[in-house]
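Trainee: I should like to take a close look at a single part of this structure. Could you please guide me through one of its sheets and then show how its surroundings compare with other elements?

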Amino acid sequence: NIFKSSFLIIGEGITFEHCSKFFRENDINYYFTSTDDIVDINNNEIICKKKKIDLDKIDYTVISPGISPTNHVLKKLASSGCKFTTDVEIIQNLSQSKFICITGTNGKTSTVNLMADILNDNNISAIACGNNGISVFASLESTYDYILLELSSYQLEHINRLNSFISIVLNLSEDHLERHGSLENYLEIKKKIFNCAKHKLI
């Protein structure tokens with residue numbers, strides 16, 4: 001039960017802002033810190049510069065997409081038994097809408113926005129959210145037939161399970177190789193959008 005769980009948010013960016021707002025509004029217990037603030041992790045305790053966080057009180061750890069999976073803090077948290085999740089996986093556990101998930105090197109935002117507009121113009125309720133800057137939690141504020149979810153490679157790296165009615169990869173060219181290492185690895189990360197997808201489009 002999401003509403004009875006306790007969360008730890010790692011990171012200080014947009015994901016933190018959106019998650020913390022949702023948690024506060026729904027009286028969900030949460031803690032937060034950043035990789036730069038963590039001094040050490042031992043004995044199921046995160047030692048930060050000005051506070052300590054008891055990992056035994058945490059059910060799920062939300063990772064901001066900007067943090068690389070190879071970050072030493074994440075590796076230590078994983079070895080401590082932390083269960084990682086994402087804002088996308090949280091809303092998928094709460095939403096009854098069908099998800100159309102879109103990724104690609106270029107054109108993601110314009111595509112999700114255009115598709116949402118087309119659906120809404122035809123009396124099919126839809127919202128575009130995700131990497132376009134609209135909080136994924138905004139999709140829970142009303143009932144939608146479809147959620148158009150823009151996903152970056154950084155987001156896909158951290159998502160363990162993505163339930164999608166339609167998954168689309170628009171295009172692929174060399175990008176973010178400083179993080180992903182090679183075009184081949186970048187492609188493999190993008191292809192995660194097809195995991196558990198009912199329909200797949202390239």
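**A pair of strands and their sheet**

Mentor: In this predicted model, L8 stands opposite Y31 in β2. That pairing belongs to a longer contact between two strands, for β1 and β2 run parallel and are joined by five bridges. In general, the strands of a sheet pair through backbone hydrogen bonds, in either a parallel or an antiparallel sense.

The two strands are part of an open sheet of four strands, in the order β2-β1-β6-β7, and the pairing is parallel. Its edge strands are β2 (29–33) and β7 (84–85), each of which pairs on one side only.

Let us now turn to β6. This strand spans residues 60–63 and contains T61. Buried means under 20% relative accessible area. T61 has 1% relative accessibility and therefore counts as buried. Apart from its neighbours within four places in sequence, T61 is in contact with L8, I10, C82, K83, F84 and T85. L8, with which we began, is thus one of the contacts of T61.

After β1 (6–10), the loop that leads to α1 (14–25) holds G13. With 32% relative accessibility, G13 counts as partly exposed. The C-alpha atoms of G13 and C196 are separated by 28 Å, and these residues are 183 apart along the chain.

A second parallel pair is formed by β9 and strand β10 (residues 146–150), over five bridges. Within this pair, I127 has I147 in β10 as its bridge partner. Strand β9 covers residues 126–130, and five of its five residues are buried, so the strand is largely enclosed by the rest of the structure. In a regular strand, the side chains alternate between the two faces of the sheet. In β9, A126, A128 and G130 point one way, I127 and C129 point the other way, and all are buried.

A helix offers a further example. In α7 (residues 183–190), the buried residues are Y186, I189 and K190. Seen down the axis of α7, these residues fall within an arc of 100 degrees, so they line one face of the helix. An α-helix has 3.6 residues a turn, so residues three or four places apart point the same way. The cover over the buried residues of α7 includes β8 (98–103), α5 (153–158), β11 (164–169) and α6 (177–180).

Technical notes:
Residues numbered from 1 in each chain as written. Predicted model: local features only at pLDDT ≥ 70, side-chain atom pairs only at ≥ 80, totals over all residues. Heavy atoms only, no water. Buried < 20%, exposed > 50% of the residue type's maximum accessible area, 1.4 Å probe, protein only. Arc of directions from axis to C-beta. Contact = heavy atoms within 4.5 Å. Pairing = 2+ DSSP bridges.
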